[in-house]
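I set out to record what can be read from this model about its sheet, its helix packing and its aromatic pairs. The entries follow in the sequence in which I looked things up.

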Amino acid sequence: MDAKAAAKDIKQGEISPLYVLYGSEKFRMNEFAAMLEDQLIAKEDRDFAVIPFDLSETPVQAVVEEAETVPFMVPRKLLLVRDASLFTAGKENAKLEHRVDLLNDYLQHPVDYSVIVFMVNSDKLDERKKIVKAVKSTGTVLAFNPLGAEELLRWVEKGIKDRGCMAAPGTAEALIANAGTGLQGLTGEMDKLCLFAGQGGTVDTAAVESLVHRGTEQNVFTLVEDIANLRLDKALNTLYELLKQREEPIKIAALIARQFRMILQVKDLSALSYSQGQIASQLGLHPYAVKIAGEQARKFGTDRLRQILSALADLDYQMKTGAIDKVLGLEMFMFKLGA
């Protein structure tokens with residue numbers, strides 16, 4: 001089951017006695033927990049009914065004991081349990097003894113007045129553990145991995161629509177290019193853009209460019225995109241903007257090299273018929289970054305990419321040894337690329 005199907009079940013009143021949430025996308029994980037709280041617990045009951053735990057400080061048997069205790073003044077309790085490393089292959093806190101057997105026993109006969117949500121800080125669970133098998137058979141286990149490239153675009157478009165605005169064509173792409181793929185950051189930027197547009201207004205690329213600040217990595221990403229599309233004047237403007245912000249030229253060169261290295265890796269793996277998701281997993285990248293790198297890769301031959309990376313390695317050496325002025329070296333590199 002995925003998070004979308006689980007949310008639908010919850011809204012229809014089909015509640016699992018236990019949820020285990022894990023994955024790298026912490027924002028969506030917290031969003032799901034907040035939705036569960038909204039659906040299960042009335043606002044006026046939350047002081048008594050929502051009970052947080054941290055397994056780095058509290059043994060799991062205390063969670064079980066609380067779950068089995070009859071609620072006071074409320075019909076149902078929600079137990080939010082963080083740092084649940086007992087489901088992963090990582091080392092547990094040696095200072096605490098977690099009686100996992102008691103949780104396993106509880107899962108055989110869970111009470112109907114408590115819902116336990118474990119928030120696991122890991123990309124995967126340890127399938128060898130007995131407790132993981134137990135929660136999969138009794139509760140609901142949900143993975144929260146990064147959204148795919150198209151999913152992320154739809155998520156941004158829906159987020160703007162949910163805020164009472166419309167997204168003009170290309171707005172989602174521009175926002176991700178400026179703000180990055182982090183959902184927390186994108187949420188804040190959507191709030192700002194929709195406040196600027198007003199209820200019923202339209203958010204367009206011009207608003208994104210004027211209101212959303214680009215970080216160094218996003219600027220380098222844009223710079224390489226301009227190089228790939230032979231827009232040397234725009235690429236140089238971005239370079240000068242980075243220098244104006246007092247970014248170290250060696251750092252800029254390193255980030256450019258990283259982007260071109262990623263383009264080459266994506267090109268090589270695509271030639272081996274790897275899917276976008278497989279490439280993202282293999283390289284530890286966000287699927288959206290893989291999508292854009294794949295589009296850029298089509299504009300360069302493999303030999304050309306290797307030549308660019310070799311030139312960047314030479315530039316790095318010359319910069320660090322003082323053989324060339326750092327800014328001049330970057331400018332010359334850019335002009336050679338555009339030649």
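**Entry 1: Aromatic pairs**

I began with Phe 72, which counts as exposed because its relative accessibility is 57%, above the cut-off of 50%. I note that the model is a predicted one.

I then listed the aromatic pairs and found six in the structure. In one of them, Phe 48 and Phe 72 meet edge-to-face, with 6.2 Å from centre to centre and 70° between the planes. I located Phe 48 in helix H3 (residues 46-49) and Phe 72 in the loop between helix H4 (60-68) and strand E3 (77-82), so this pair ties together parts that are 24 residues apart in sequence. Phe 48 has 43% relative accessibility and therefore counts as partly exposed.

I turned next to the rings of Phe 87 and Phe 118. Their centres are 5.0 Å apart and their planes stand at 70°, so I entered the pair as edge-to-face. Phe 87 belongs to the loop between E3 and helix H5 (100-108), and Phe 118 to strand E4 (residues 114-120), so the pair ties together parts that are 31 residues apart in sequence. Are these two rings buried or exposed? I found Phe 87 buried, at 0% relative accessibility. Phe 118 is buried as well, with a relative accessible area of 0%.

I also recorded one aromatic cluster, formed by Tyr 19, Phe 32 and Phe 144.

**Entry 2: The sheet**

In what order do the strands of the open sheet run? I read the order as E2-E3-E4-E1-E5, five strands with parallel pairing. Strand E2 (50-54) and strand E5 (140-143) are the edge strands, each pairing on one side only. From one strand to the next, I noted an average twist of 15°.

Within the sheet I examined E3 and E4, which pair in the parallel sense over six bridges. Opposite Phe 118 in E4 stands Val 81. I then looked for a helix against the sheet: H2 packs on it and touches strand E1 (18-22), E2, E3, E4 and E5. The direction of H2 makes about 170° with that of E4.

**Entry 3: Helix H1 against helix H2**

I followed H2 to its contact with H1. The axes of helix H1 (residues 3-11) and helix H2 (residues 26-40) come within 10 Å and cross at roughly 10°. That angle makes H1 roughly parallel to H2, because it falls under the cut-off of 35 degrees.

Which residues meet here? From H1 I listed Ala 3, Ala 6, Ala 7, Ile 10 and Lys 11; from H2, Arg 28, Phe 32, Met 35, Leu 36 and Gln 39. By class, I entered seven nonpolar, one polar and two charged residues for this contact. I remark that Phe 32 is also a member of the aromatic cluster with Tyr 19 and Phe 144.

**Entry 4: Helix H7 against helix H8**

Finally I looked up helix H7 (residues 149-162) and helix H8 (residues 171-179), which pack at an angle of about 105° with their axes 9 Å apart. H7 and H8 are therefore roughly perpendicular to each other, since the band for that term is 65 to 115 degrees.

On the H7 side I found Leu 152, Leu 153, Val 156, Glu 157 and Ile 160 making the contact, and on the H8 side Thr 171, Ala 172, Glu 173, Leu 175 and Ile 176. The classes in the contact of H7 with H8 are seven nonpolar, one polar and two charged residues.

Methods. Residues are numbered from 1 along each chain as its sequence is written. This is a predicted model: local features need pLDDT of at least 70, side-chain atom pairs count only at pLDDT 80 or more; totals for chains, interfaces and linings use all residues. Side-chain values use heavy atoms; hydrogens and water are left out. Axes are lines fitted to C-alpha atoms, for helices over the stretch in contact, and angles run from 0 to 180 degrees between N-to-C directions. Helices (H or I, at least four residues) and strands (E, at least two) are DSSP runs, numbered from the N terminus. Angles under 35 degrees count as roughly parallel, over 145 as roughly antiparallel, 65 to 115 as roughly perpendicular and the rest as oblique. Contact means heavy atoms within 4.5 Å. Ala, Val, Leu, Ile, Met, Phe, Trp, Tyr, Cys and Pro count as nonpolar, Asp, Glu, Lys and Arg as charged, and the others, Gly among them, as polar. Rings of Phe, Tyr and Trp (its six-membered ring) pair if their centres lie within 6.5 Å; planes under 30 degrees apart count as stacked, over 60 as edge-to-face and the rest as tilted. Buried means under 20% relative accessible area, exposed over 50%, partly exposed in between (1.4 Å probe, protein chains only). Two strands pair if DSSP finds at least two bridges between them.
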